[in-house]
Amino acid sequence: MFRKKKFEQSTISGVQMGNGSIQFQGVHLNVYSFFTDGVLIDTGARSLKKSFISFFQQLKIDKVMITHFHEDHTGCAAYLQEEMRVPLYMDSKMLNICTKYPNYPLYRQLFWGRRKPFTAQPTSETFKSSNSSWHVIQTPGHSIDHLAYLNKDTGQLFSGDLYCLEKTKVILKEESVPQIIDSLQKVLSYDFKEVFCNHAGYLKEGRTSLRNKLNYLLEIQGSILKYYKEGKSPEEIKKTLFPKNYPIMFFSFGEFDSKHIIQSVIDG
């Protein structure tokens with residue numbers, strides 16, 4: 001099966017960025033890995049291993065901080081641990097899951113590959129790099145173990161998949177919009193401006209971008225609850241708020257869908 005791959009490197013505001021992307025059957029997905037002050041944030045996808053390894057080998061990595069367990073963020077973690085002997089840190093909730101080969105749908109394996117097992121250590125609430133102090137911020141919603149990392153000295157926030165894009169139209173079945181709203185409100189209580197998102201990349205006015213996403217989700221949440229109280233079914237609400245069908249909905253066999261936004265709000 002033909003997959004079109006691309007990899008780019010750049011440096012912005014002292015942060016080195018590796019960005020790998022894959023296009024397959026009309027669906028285009030990408031993921032970033034970031035490096036600053038000895039800290040690598042997320043490890044990219046195993047399907048792009050050759051490119052990410054070339055990126056890593058240019059760096060002097062002291063530690064790896066993982067935002068969450070998903071395979072596009074942990075795909076090269078085993079290589080970093082086994083070959084580069086770098087310590088890995090992440091939230092404690094999915095540590096055991098990551099020590100085993102994962103079980104996730106075939107379409108995700110086609111895009112991101114099947115990551116190898118690795119062993120990470122649990123994060124603390126703060127950590128230090130060569131020249132900076134960091135906050136570790138619990139930001140569940142996209143996944144139960146999701147973390148954001150804030151460099152207190154530079155005011156740069158590494159937000160994992162908390163942002164991705166302003167106007168979310170589809171989410172994974174296990175995601176929770178109410179939790180994402182809570183997590184956005186939490187990170188916005190911290191002092192930062194620039195944001196580095198693992199799918200959108202560098203957001204110069206990152207605080208504004210996260211605020212805009214929060215406002216959008218609050219508006220969507222309000223509309224869903226209003227229609228639901230009026231007696232509309234989730235399917236009727238979907239047709240009203242999200243009438244468009246996106247390729248990822250079909251390609252993922254419904255694991256990504258607009259209906260999950262509606263159901264998570266009703267359940268939340």
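## Exercises on ring contacts, helix packing and local surroundings

The charged end of R207 sits over the ring of F192, 4.4 Å from the ring centre; a charge sits over a ring if NZ of Lys or CZ of Arg is within 6 Å of the ring centre and within 35 degrees of the ring normal. The model is predicted, so local features need pLDDT of at least 70 and side-chain atom pairs count only at pLDDT 80 or more, while totals for chains, interfaces and linings use all residues. Residues are numbered from 1 along each chain as its sequence is written, and side-chain values use heavy atoms, with hydrogens and water left out.

**Exercise 1. Find the ring over which the charged end of K213 sits, and give the distance to its centre.**

Solution. Start from the charged end of K213 and look for the ring below. The ring belongs to Y163, and its centre is 6.0 Å away.

**Exercise 2. Classify the ring pair of Y107 and F251, and place both residues in the chain.**

Solution.
Step 1. Rings of Phe, Tyr and Trp (its six-membered ring) pair if their centres lie within 6.5 Å; planes under 30 degrees apart count as stacked, over 60 as edge-to-face and the rest as tilted. The structure holds 17 such aromatic pairs.
Step 2. The ring centres of Y107 and F251 are 6.1 Å apart and the planes stand at 90°, so this pair is edge-to-face.
Step 3. Helices (H or I, at least four residues) and strands (E, at least two) are DSSP runs, numbered from the N terminus. Y107 belongs to helix α5 (residues 106–112) and F251 to helix α9 (residues 247–251), so the pair ties together parts 144 residues apart in sequence.
Step 4. Buried means under 20% relative accessible area, exposed over 50%, and partly exposed in between (1.4 Å probe, protein chains only). Y107 has 6% relative accessibility and therefore counts as buried. F251 is buried as well, at 13%.

**Exercise 3. Describe the aromatic pair of F158 and F196, then name the ring cluster that includes F158 and F196.**

Solution.
Step 1. The F158 and F196 rings are stacked, with 5.0 Å from centre to centre and 15° between the planes.
Step 2. F158 lies in strand β11 (residues 156–160) and F196 in strand β13 (residues 194–197), so far as sequence goes 38 residues apart, and the pair links distant parts of the chain.
Step 3. Both F158 and F196 are buried.
Step 4. Ring pairs join F158 and F196 with Y32, F34, F127, W134, Y149 and Y202 into a cluster.

**Exercise 4. Give the surroundings of Y202.**

Solution.
Step 1. Y202 is part of strand β14 (residues 201–203) and is partly exposed, at 23% relative accessible area.
Step 2. Contact means heavy atoms within 4.5 Å. Apart from neighbours within four places in sequence, Y202 is in contact with I12, S13, M17, E194, V195 and F196.
Step 3. For Y202 and I12, the separation is 190 residues in sequence and 7.7 Å in space, C-alpha to C-alpha.

**Exercise 5. Determine how α7 and α10 cross, and which residues make the contact.**

Solution.
Step 1. Two packed helices are described by the angle between their axes and the distance between the axes. Axes are lines fitted to C-alpha atoms, for helices over the stretch in contact, and angles run from 0 to 180 degrees between N-to-C directions.
Step 2. The axes of α7 (residues 206–229) and α10 (residues 259–267) come within 10 Å and cross at roughly 75°.
Step 3. Angles under 35 degrees count as roughly parallel, over 145 as roughly antiparallel, 65 to 115 as roughly perpendicular and the rest as oblique. The two helices α7 and α10 are therefore roughly perpendicular to each other.
Step 4. On α7 the contact is made by I220, Q221, I224, L225 and Y228, and on α10 by I261, I262, V265 and I266.
Step 5. These residues divide into eight nonpolar, one polar and no charged; Ala, Val, Leu, Ile, Met, Phe, Trp, Tyr, Cys and Pro count as nonpolar, Asp, Glu, Lys and Arg as charged, and the others, Gly among them, as polar.

**Exercise 6. Is H73 buried or exposed, and which residues are in contact with H73?**

Solution.
Step 1. H73 is located in helix α2 (residues 71–74).
Step 2. Its relative accessible area is 0%, so H73 is buried.
Step 3. Leaving aside neighbours within four places in sequence, the contacts of H73 are V31, D42, T43, G44, T67, H68, D161, N198 and H199.
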